[in-house]
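Let's take a walk through a protein model, one piece at a time. Have the sequence and the 3D view ready, and follow along.

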Amino acid sequence: MLFGRGKKSKAERPESAAADAAEADIAVADTPGSADGAASVGAAKGDFRIVKGPLDITEIDSQDGYVDLGALLIAPAEGLQLRLEIEEATQRVVAVTLDLGASSLQLQAFAAPRSEGLWEEIREQIGQSVASQGGEVEEVTGTFGPELVAKLPAEAADGSRGYRAARFMGVDGPRWFLRGVLGGEAALERDAAAGLEELFRRVVVVRGDNPMPPRELLQLRLPKDAAAPAQHGAAQDGPALEQPERGPEITQIG
C-alpha cells in the first residue's frame with residue numbers, strides 16, 4: 001500500500017467533498033485481523049452498524065496492523081494508496097482519500113450528538129448543494145443504508161460537456177458520524193466499488209472522550225513514523241515518506 005499527503009484550501013463540512021490533493025508515498029504492508037468477534041457482539045445488541053461496519057475503537061481487540069491516522073484507523077490492502085488532504089491556512093489534516101484502481105474513497109469523521117445521528121439531515125443538505133450547482137442527485141439503498149448518487153455538470157478536456165459523479169455514504173456511530181465519498185468508476189459502478197466498500201466497512205473511528213460540538217471534524221494526523229522524510233542514507237525499517245507531488249483532483253460538491 002502507498003501513502004501520500006495533499007493540500008486543501010479550507011476545512012470541509014460534512015455536506016462537501018475534497019478538492020485538490022498532493023501525493024507522497026509510504027509503503028505499508030501489514031493487514032489487521034478480522035472484526036468478526038465484534039460483529040457477533042453487535043448483532044446480539046441489535047446494532048446493524050456493527051454487523052456492516054465501520055467500527056468504533058471500543059469494538060476491536062487490537063489496533064495492530066492498522067494505519068493510525070488519529071481519528072481513523074485504516075486497514076491496508078494490496079494496491080491501495082492513501083492521500084492526506086491538508087488545509088493550507090492551518091496545515092491541519094482534514095480528510096484522507098483512499099485510491100484503489102480507477103476509483104477513490106474520501107473519508108471524514110465528525111463529532112455527533114449522543115442521542116441522534118446526522119446522516120439524514122446531511123443527505124438533505126447535499127441534495128440542496130448539488131441542485132444549487134445545476135446538478136442532480138438520487139437517493140439509493142446501498143450496502144450501508146441510504147446513499148446519494150450526485151451528478152454535476154462538467155467540461156471534459158476536449159471541451160465537450162458532461163458530468164462528474166460522486167456517491168455519498170454515511171454511517172452514524174456512537175457520538176460520531178463517518179462520511180465516505182466514492183469517486184471515479186466506483187461512483188456509478190457497484191462492481192468497481194466493491195473493494196473500497198470493504199475498506200469502508202473496516203474503518204475504525206476513534207472519537208475520543210473530549211466534549212465536542214456536533215459536526216466538528218475529528219482530528220486526523222500523519223502516522224507517527226511518517227512525520228518527516230528519512231535522512232539521506234539512513235536505514236529504514238518502516239514506511240518511507242517521499243516528497244509530495246501534485247495529485248489528481250477529486251470530486252468537489254458543496
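## Before we start

Two things count as being in contact when their heavy atoms lie within 4.5 Å. Helices (H or I, at least four residues) and strands (E, at least two) are DSSP runs, numbered from the N terminus.

This is a predicted model, where local features need pLDDT of at least 70 and side-chain atom pairs count only at pLDDT 80 or more, while totals for chains, interfaces and linings use all residues. Residues are numbered from 1 along each chain as its sequence is written, and side-chain values use heavy atoms, with hydrogens and water left out.

## Helix α4 and its cover

Look at helix α4, residues 190–201. Ala-193, Leu-196, Glu-197, Leu-199 and Phe-200 are buried there, meaning under 20% relative accessible area (over 50% is exposed, in between is partly exposed; 1.4 Å probe, protein chains only). They sit on the same side of α4, because they span an arc of only 155° around the axis, taken from the directions from the helix axis to the C-beta atoms.

So what covers the buried residues of α4? The cover includes β7 (93–100), β8 (103–111), β11 (161–173) and β12 (176–184).

## A four-stranded sheet

Two strands pair if DSSP finds at least two bridges between them. One open sheet has four strands in the order β3-β13-β5-β4, with mixed pairing. At its edges are β3 (55–56) and β4 (67–68), each pairing on one side only.

Inside this sheet, β5 (residues 72–74) and β13 (residues 204–205) run antiparallel, joined by two bridges. Leu-72 stands opposite Val-205 of β13.

## A hairpin

Now find β9 (residues 136–142) and β10 (residues 145–155), an antiparallel pair with seven bridges. They make a hairpin with two residues between them. Glu-139 has Leu-148 in β10 as its bridge partner.
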